[in-house]
Amino acid sequence: MGWGTEGPSVFGKLDLDYNTYLRIPDLLQLQHPLSDPPHHDEMLFIIIHQTYELWFKLILGEIEKSMLRMSEKRILPARNLLNRTVEILRLLVGQIHILETMTPQDFLQFRDGLFPASGFQSLQFRELEFLAGAKDERYLKHFEKDPVMYEALKKRQSEPDLRGAYYELLRNLGFPLPDNTERNHIENSESDREKLLMALRPIYSQSESHLPLYLLTESLIEFDEYLGLWRYHHVRVVERIIGYKRGSGGSSGVGYLLTTTDKRCFPSLWEVRTYLEKQT
Ligand code: HEM
C-alpha cells in the first residue's frame with residue numbers, strides 16, 4: 001500500500017504546511033539593509049550573521065543537554081550531543097569564507113553605516129564561550145547598555161559549565177581529580193595541575209577500557225579545535241577584507257583577534273598528550 005491521500009491526516013494536522021510550521025514568511029522579513037540605496041552585498045552580510053546566530057542558539061541548547069547527560073553518567077548520549085556541536089562548528093568554519101566573495105572595496109561602500117555595531121556584541125557567541133568553560137568577565141562590558149543581555153551573560157558566568165560538568169562526571173566515575181579543576185587552568189596550583197593530568201592519562205593510555213569516555217573526551221577536544229579554527233578563519237577573512245583597520249567595536253581589529261586564536265576551553269585535555277608514554 002502506498003502513502004495514498006490519508007498520509008498527512010495520519011501524521012499531522014491537515015492545515016499545517018511547510019511555511020506555517022517553519023514561520024518562513026516571518027523569517028524572510030528579518031533582513032533590513034541600512035545602506036540607501038541598498039548595497040547588493042549587505043544582504044549577504046546580514047544573512048551570514050543571522051545564520052551564525054541560529055546555529056549558536058542550537059549549539060547552546062545541545063551543550064546544556066550534553067551537560068545534563070553527563071550529570072546522569074550517560075556518557076554516549078552526552079558524546080552524541082557534543083558531536084552534533086562539532087559538526088555545526090565544522091560548518092561554521094567553512095561558512096565564514098562565503099564573505100570572501102565580497103571585495104574589500106564593496107564592503108567599504110556600506111561599512112561606515114554599521115558603526116559601532118560589532119561581533120563583540122554577539123551575546124550568544126560569548127555565552128557559548130562561557131558555557132564551554134572559557135569565562136572572561138572583561139567581555140561583560142560590551143553588554144552594559146542592555147541590562148537583559150548583561151544579566152544573561154552574568155548568569156552564564158555564575159552557572160556550571162561544560163568543563164566543570166566533564167570533571168564532575170570523571171569524579172563520579174571514580175577518577176582521582178583535585179578539587180580545583182573548575183577554576184581557570186592557569187590559576188590552579190602546580191600540584192593540582194599535575195594531579196589532574198595524571199588522573200586524565202588513563203583515558204588515553206587505556207582508551208579501550210574507557211571507550212565511551214575516550215570518545216566523549218575526543219569530542220571535547222574537537223569542539224575546542226573547531227572553535228579555535230573558527231577564530232583563525234575569521235581573523236584571516238577579516239584581514240583579507242579590512243586589512244589592519246580598527247574594528248567597529250573599538251578593538252585594534254586583526255591585532256586583537258590574533259590574541260584570541262589560542263584560547264582553549266579544555267587546556268588540560270590538550271596538555272595531557274605531552275605526558276603520554278610509549279606503551280610496551
Ligand atoms: C566582513 C566581515 C567581518 C569583519 C570585517 C569582521 C570584523 C571583526 C572585527 C574587527 C572584530 C574585533 C572586534 C571589533 O573591534 O569590532 C570582530 C569580532 C567578532 N566577530 Fe567579526 N567580522 C566579520 C564577520 C563576522 C561574522 C560573519 C561573524 C559571525 C558571527 C562574526 C563574529 C564575530 C565575533 C563573535 C567577534 C568577537 C570575537 C572575540 O572577541 O573573540 N564576524 N569581527
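**Reading the ligand site**

Modeller: Start at the metal: the iron atom of the ligand has a single protein donor, NE2 of His-234, 2.2 Å away. Donors are N, O and S atoms within 2.8 Å of the metal (3.2 Å for Na, K and Ca), and since water is not among the atoms, sites may look incomplete. Keep in mind that this is a predicted model, where local features need pLDDT of at least 70, side-chain atom pairs count only at pLDDT 80 or more, and totals for chains, interfaces and linings use all residues. Residues are numbered from 1 along each chain as its sequence is written, and side-chain values use heavy atoms, with hydrogens and water left out.

Colleague: Which element holds His-234?

Modeller: Helices are DSSP runs of H or I with at least four residues, numbered from the N terminus. His-234 lies in helix H11, and H11 gives the most to the shell around the ligand, with 6 residues.

Colleague: How many residues surround the ligand?

Modeller: A residue is near a molecule if one of its heavy atoms lies within 4 Å of it. Here 29 residues surround the ligand, and Ser-118, Arg-126, His-234, Ser-251 and Tyr-256 are the closest.

Colleague: Which polar atoms lie 2.8 Å from an oxygen atom of the ligand?

Modeller: A polar contact with a ligand is a pair of N or O atoms within 3.5 Å. A polar side-chain atom of Ser-118 lies 2.8 Å from a ligand oxygen, and a polar backbone atom of Gly-249 is 2.8 Å from a ligand oxygen too. For Ser-248, a polar backbone atom is 3.5 Å from an oxygen atom of the ligand.

How values were computed: Polar contact = N/O pair within 3.5 Å; in protein donor to acceptor, adjacent residues only side chain to side chain. Helix = DSSP H or I, 4+ residues; strand = E, 2+ residues; numbered from the N terminus.
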